[in-house]
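Subject: Structure handover

Hi,

Here is the structure I promised to pass on. My notes on it follow below.

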Amino acid sequence: MGKSFSADRHTLTLRAEIAHHAARLIAEDHMHDFALAKKKAARHLGVSDAHVLPSNQEIEDALASYRAIYQPEHDGCLQELRQKAVTVMRLLRSFNPWLTGSVLSGVAGSHSDINLLIYTDDPKSVEIFLLNERIEYQHLEPPPTHRHALYPTLAFWYDDTQVKLHVRPRLAERQNPRREEKERASLEDVQALLEQDRTLGALIF
């Protein structure tokens, strides 16, 4: 029993070390891929057992702690990114865009991009809209194995921040979304979140 307890404690310690190292990679090296950050952190610490890898939630908790100590300006940066997201979502209101990714979850940094989901069976209409608004955009190549590889991801810049529009068929809105797209927020949700951020900031200061 003593050995088992010692092994469990050692595993928990390793998980915490990997989580904090991964958090530092995300915060300082602007890595946005949690899975990649985990693997890189584990490799740096000489850990090869996949069962020891921390969950995304553990990394988010470690990232919040890291930024509270070393990047106190992060809250202002996050609020700015969310405000930009609101502005772009208002522009795209006719497509009912959803915010997803790091700007929504709160782990975004100054170099993060804004990820929006748009559900439509007419992906060309999104491109036509951008062209009519004189917004220069480019196509980002999805992985060939992506379930919606035929639907485009369009990228453009707004106020020095890259915006990625992930276009999906309407059916995908009702199906089980990919893990990174499970958390999503409407324009109204993001506006409420932004107001909440401002209220919290006013209470603190």
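Keep in mind that this is a predicted model. I started with the packing. The largest nonpolar core has 30 residues. Leu92, Leu99, Leu116 and Leu165 have the most contacts inside it. Several elements each supply at least two residues of this core, among them helix H4 (74–91), strand S2 (114–119), strand S5 (161–168) and helix H8 (187–204). H4 gives the largest share, with 7 residues. There is also a second, separate core of 20 residues, which includes Leu14, Met31, Ala41 and Val47.

Leu99 is worth a look on screen. Leaving aside residues up to four places away in sequence, Leu99 touches ten residues' worth of neighbours to click through, including Ala85, Met89, Leu104, Leu116 and Val190.

Next, the sheet. It is open and built from 6 strands, in the order S3-S4-S5-S2-S1-S6. The pairing is mixed. Strand S3 (138–140) and strand S6 (184–185) are the edges, and each pairs on one side only. S3 and S4 run antiparallel to each other, over 3 bridges. Leu140 has Thr153 in S4 as its bridge partner. H4 lies across strand S1 (98–100), S2, S4, S5 and S6. H4 runs at about 30 degrees to S2.

Last, a charged residue to check: is Arg67 buried or exposed? Arg67 sits in helix H3 (residues 56–70). Its relative accessibility is 5%, so Arg67 counts as buried. Beyond four places in sequence, the contacts of Arg67 include Ile26, Pro72, His74 and Val107.

Best wishes

Note on methods. Residues are numbered from 1 along each chain as its sequence is written. This is a predicted model: local features need pLDDT of at least 70, side-chain atom pairs count only at pLDDT 80 or more; totals for chains, interfaces and linings use all residues. Side-chain values use heavy atoms; hydrogens and water are left out. Helices (H or I, at least four residues) and strands (E, at least two) are DSSP runs, numbered from the N terminus. Buried means under 20% relative accessible area, exposed over 50%, partly exposed in between (1.4 Å probe, protein chains only). Contact means heavy atoms within 4.5 Å. A nonpolar core is a set of buried Ala, Val, Leu, Ile, Met, Phe, Trp, Tyr and Cys residues joined through side-chain atoms within 4.5 Å. Two strands pair if DSSP finds at least two bridges between them. Axes are lines fitted to C-alpha atoms, for helices over the stretch in contact, and angles run from 0 to 180 degrees between N-to-C directions.
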